[in-house]
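Me: I am new to this structure and would like a short tour in questions and answers. Please show it first.

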Amino acid sequence: MANIKEVAARAGVSTTTVSHVINETRFVAEETRERVFAAMRDLNYAPSLVARSLKVKETHSIGMLVTTSSNPFFAEVVRGVERYCFEQGYNLMLGNTEGEAQTALSYLKMMLRKRVDGLLIMCSEGQQEVFNQLDWLGTLPVVVMDWGLDSDRVDLIADNSHLGGYLATRHLIDLGHREIGCIMGPEGRAPSTQRLAGFRQAMAEAALPVRPEWLQGGEFDCASGFAAMTRLLAMPTRPSALFIFNDMMAMGAISAAHQAGLRVPEDISLIGYDNVELAQYLSPPLTTINQPKEALGRLAVTRLLARIHGEQIANRLITQEPDLVIRQSCRRY
Ligand code: RIB
């Protein structure tokens, strides 16, 4: 096992500088920091627990990486996080990654320099890079929210999206719809693949065919919902109902239907996912699947603080259950 002297020699700095980089006890130029981190990786050096124990006491601050605050789902979860952090006497350092892994990594380094006591991750991009960075920096409590890589070093609080997709589709089937399509989320993202699996299960149980051309892709934003609905309405035959994998895309889809001269739900029924606050004020108010967003934020902070305070908690996976919220965007067929 390499020691701090060998790391210093490899990086061309003093052992004091290496210690400052590890413990974030003094500003060190980014270029020097990178040289030290590279030397640590090359020599497979893990800061000794003693070195880590020299880390200054808690800063009572928490870092949070989030995909974007422009999607109300994330904004409402962040609001729950902020509220609970404030109640517990912690401040929150928020980083919007906007879907970029390098941005996630840059924010992580900034948060480590600020010596955050723990980290919340609610972004899909850059998780592996962030975990790699954390793995050899030693322990930092991390809670991943919404969905994430399977890792035994972090807690994961995830939505039961398979159940949510099943509930949404079951609702449309119970209203008598037989020709049902989807506007899905980003390909490969767990919430999207799980919602599709729930959709397929409900359709199979009702012995209803799934028409591939009615499974349109989206990006969890209004524009992609609008575009997907436009494609569906241009087809020779269209579904009588759609399960749309989040409320933002549902908003875009409603706009596209209205611009095409169609009424919701009279001409086509739509059900969304997330139950953001805006959903109840759409025209028509959106039937959707609720995710407990504020509770997710509070639970994540509670879990993280327990880890920060050294509580030993065995189970690392927590699943949150969605529920159906019926409003006016679906009608009986
Ligand atoms: O609206 C954003 C979507 O992405 C939510 O459904 C949430 O599950 C996140 O994965």
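What follows is a set of short questions, each with its reply.

Me: What kind of model is this, and how are residues numbered?
Reply: This is a predicted model, where local features need pLDDT of at least 70, side-chain atom pairs count only at pLDDT 80 or more, and totals for chains, interfaces and linings use all residues. Side-chain values use heavy atoms, with hydrogens and water left out, and residues are numbered along each chain as its sequence is written, starting from 1.

Me: How many salt bridges does the count come to?
Reply: Side chains of opposite charge can pair when their charged atoms come close. Here a salt bridge is a side-chain nitrogen of Lys or Arg within 4 Å of a carboxyl oxygen of Asp or Glu. By this rule the count is 17.

Me: Which elements hold D155 and R303, the pair that links distant parts of the chain?
Reply: The side chains of D155 and R303 form a salt bridge, 3.3 Å from N to O. The two residues are 148 apart. Helices (H or I, at least four residues) and strands (E, at least two) are DSSP runs, numbered from the N terminus. D155 sits in strand β5 (residues 155-159), and R303 in helix α12 (residues 293-308).

Me: Is R303 buried or exposed?
Reply: Buried means under 20% relative accessible area, exposed over 50%, and partly exposed in between (1.4 Å probe, protein chains only). Its partner D155 has 1% and counts as buried. R303 has a relative accessible area of 12%, so R303 is buried.

Me: About how many helical turns separate R170 and D174?
Reply: Their side chains meet in a salt bridge of 3.0 Å, N to O. R170 is partly exposed at 25%, and D174 is partly exposed at 45%. Both lie in helix α8 (residues 161-174), four residues apart, so the separation is about one turn.

Me: What is the N to O distance in the salt bridge of R211 and E213?
Reply: R211 is partly exposed, with a relative accessible area of 28%. E213 is partly exposed too, at 34%. Their side chains meet at 2.8 Å.

Me: Which residues are linked in a network of salt bridges?
Reply: This time the salt bridges join up into a network. Its members are E30, R33, E34, K109 and R113.

Me: Which backbone oxygen does the side chain of R195 reach?
Reply: R195 lies in helix α9 (residues 190-205) and is buried, at 2% relative accessible area. A polar contact is a pair of N or O atoms within 3.5 Å; within protein, one must be able to donate a hydrogen and the other to accept it, and residues adjacent in sequence count only if both atoms are side-chain atoms. One such contact, of 3.4 Å, joins the side chains of R195 and D159. At 2.9 Å, the R195 side chain also reaches the backbone oxygen of F245.

Me: How many residues line the second largest pocket?
Reply: A pocket is an open set of points on a 1 Å grid over the protein atoms alone, where a 1.4 Å probe fits, with protein on both sides within 12 Å along at least five of seven lines; lining residues have an atom within 4 Å of a point. T67, T68, R189, E219 and F220 lie nearest the centre of this pocket. The lining residues number 14.

Me: Which domains each give at least three residues to that lining?
Reply: Domain bounds come from an automatic or database domain assignment. The lining of the second largest pocket draws at least three residues from each of domain 2 (61-159 + 293-321) and domain 3 (161-291).

Me: Where is P284, which follows a cis peptide bond?
Reply: The bond from S283 to P284 is cis, with omega near 0°. Another cis bond joins V264 and P265, with omega about 5°. P265 is in the loop between α11 (247-259) and β9 (269-271). P284 is in the loop between β9 and β10 (288-290).

Me: What is phi of D274?
Reply: D274 lies in the loop between β9 and β10 and is buried, at 5%. The residue is not a glycine, yet its phi is positive, near 125°.
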